Amino acid sequence: MNAASKVVGAPEQLGTFLGIPITNTLLMSWVVVALLITVAVLIGKKLKLTPSRPQVLFEWLVEFVYDYIAEILESRELARKFFPYLCTIFLFIFTSNLIEFTPGIGSLGLVHGGEFIALLRSVNTDLNVTLMLAILSFLVIEITGIVVIGAVKYGGKFLNFRHGFIGFFVGIVEFFSEVARIIAFSFRLFGNVFAGEVLILVVTFFLPVVAPVPVMMFELFVGFVQAAIFALLTLFFIKIAIMEPH
């Protein structure tokens, strides 16, 4: 967290693999994925037919989220299909936000040409990552709409010739608002995480003894909220996409 100059801008490149640039945020994303897989395997091994209290709590939480998705989509079949994606994207974003305050993140690295390069950098401070997550959710939403209600009906939401010029104009506006979701998704997540890191750096500089801890706790809460918002917006936009056009 002490590499203030590395917070802004593109991620630093650590090297290449088969011509593919390896950046510190890409390396960090692998750490997050490895951590999630490890936790999933450990939890899976401890599941029993006669559940313990932690397992009961975990099962209740999973059932609550699943029922909520089914209620929003009005279909348990669709909930079964989208539950893994929505939970995965939430866990990835939240875990990325959670471990950004781990000692060594942003402070351990290499010195190359007299310039410090952090070995690991918070994933969501890389606009490339948040943009890719946004594009992924955008594709899921659009493809779902086409598959569920059909390409003709779904396209009719944007190319509406049945209600004259006004209907056509509204359809074009709807199309651009659909594409604008990519920007809204990516910049909302990137902006909040980036602002949080800048805030902590400033607070640490002026009040290094007591202020950073409560600010970090607040940023952990913000990280949870941002992960939840990203997943919920994806869910709500899926719901809108599968609605029949009027």
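Ala, Val, Leu, Ile, Met, Phe, Trp, Tyr, Cys and Pro count as nonpolar in these legends, Asp, Glu, Lys and Arg count as charged, and the others, Gly among them, count as polar. The model shown in every view is predicted.

**View A. The protein chain and its helices and strands.** Seven helices and four strands make up the secondary structure of the protein chain, and their order along the sequence is β-β-α-α-α-β-β-α-α-α-α. The protein chain has 246 residues, of which 39% count as buried. When contacts in the protein chain with a separation of 6 or more are considered, 69% are between residues 24 or more positions apart.

**View B. The lining of the largest pocket.** The largest pocket holds about 1,100 Å³ of space, and 30 residues line this pocket, with Val65, Cys87, Thr88, Phe90 and Leu91 lying nearest its centre. Two or more lining residues come from each of H1, helix H2 (53–73), H3 and H7, and among the contributors H3 gives the most, with eleven residues. By class, the lining of the largest pocket comprises 27 nonpolar residues and three polar residues, with no charged residue.

**View C. The second largest cavity, with residues from H6 and H7 in its lining.** Two cavities of 30 Å³ or more are found when the whole structure is searched, and the second largest of them contains about 60 Å³ of space. Its lining is formed by Asn97, Glu100, Phe101, Asn192, Val193, Gly196, Glu197, Glu219, Val222, Gly223 and Gln226, and at least two of the lining residues are supplied by each of helix H6 (164–206) and helix H7 (212–241). The lining of the second largest cavity divides into three nonpolar, five polar and three charged residues, whereas the lining of the largest pocket in view B has no charged residue.

**View D. The loop residue Ser122 and its contacts.** Ser122 belongs to the loop between strand S4 (115–118) and H4. The residue counts as buried because its relative accessibility is 3%, under the limit of 20%. Apart from neighbours within four places in sequence, Ser122 is in contact with Thr25, Ser96, Glu100, Ile105, Val193 and Glu197. Glu100, Val193 and Glu197 appear in this list of contacts and are also among the residues that line the second largest cavity. The C-alpha atom of Ser122 is separated by 8.5 Å from that of Ser29, although the two residues are 93 residues apart along the chain.

**View E. The contact of helix H3 with helix H4.** Helix H3 (residues 76–98) and helix H4 (residues 127–149) have axes that come within 12 Å and cross at roughly 170 degrees. H3 is therefore roughly antiparallel to H4, a term that applies to angles over 145 degrees. On the H3 side the contact is made by Leu78, Phe82, Tyr85, Ile89, Phe92 and Ile93, and on the H4 side by Leu133, Leu136, Ser137, Val140, Thr144 and Val148. Ten of the residues in the contact of H3 with H4 are nonpolar and two are polar, and no charged residue takes part.

**View F. Leu78 of helix H3 and its contacts.** Leu78 lies in helix H3 and is one of the residues through which H3 makes its contact with H4. A relative accessibility of 14% means that Leu78 counts as buried. Residues up to four places away in sequence being set aside, Leu78 touches Leu73, Val148 and Ile242. Of these, Val148 is 70 residues from Leu78 in sequence, yet the C-alpha atoms of Leu78 and Val148 are 9.8 Å apart in space.

**View G. Asn24 in helix H1.** Asn24 is part of helix H1 (residues 24–46), and with a relative accessible area of 0% this residue is buried. Beyond its neighbours within four places in sequence, Asn24 is in contact with Pro11, Glu12 and Leu14, and also with Ala118, Leu119, Leu120 and Arg121.

**View H. Glu74 in the loop between H2 and H3.** Glu74 is located in the loop that runs between H2 and H3. Most residues other than glycine have a negative phi. At Glu74, by contrast, phi is positive, near 55 degrees, in a residue other than glycine. Glu74 counts as exposed because its relative accessible area is 64%, which is over the limit of 50%, whereas Asn24 in view G is buried.

How values were computed. Residues numbered from 1 in each chain as written. Predicted model: local features only at pLDDT ≥ 70, side-chain atom pairs only at ≥ 80, totals over all residues. Heavy atoms only, no water. 1 Å grid on protein atoms, 1.4 Å probe; cavity = no way out; pocket = protein on both sides within 12 Å on 5 of 7 lines; lining within 4 Å. Points joined across faces, edges and corners; volume = space filled by probe spheres on them. Axes fitted to C-alpha atoms, helices over the stretch in contact; angles between N-to-C directions. Parallel < 35°, antiparallel > 145°, perpendicular 65-115°, else oblique. Contact = heavy atoms within 4.5 Å. Buried < 20%, exposed > 50% of the residue type's maximum accessible area, 1.4 Å probe, protein only.
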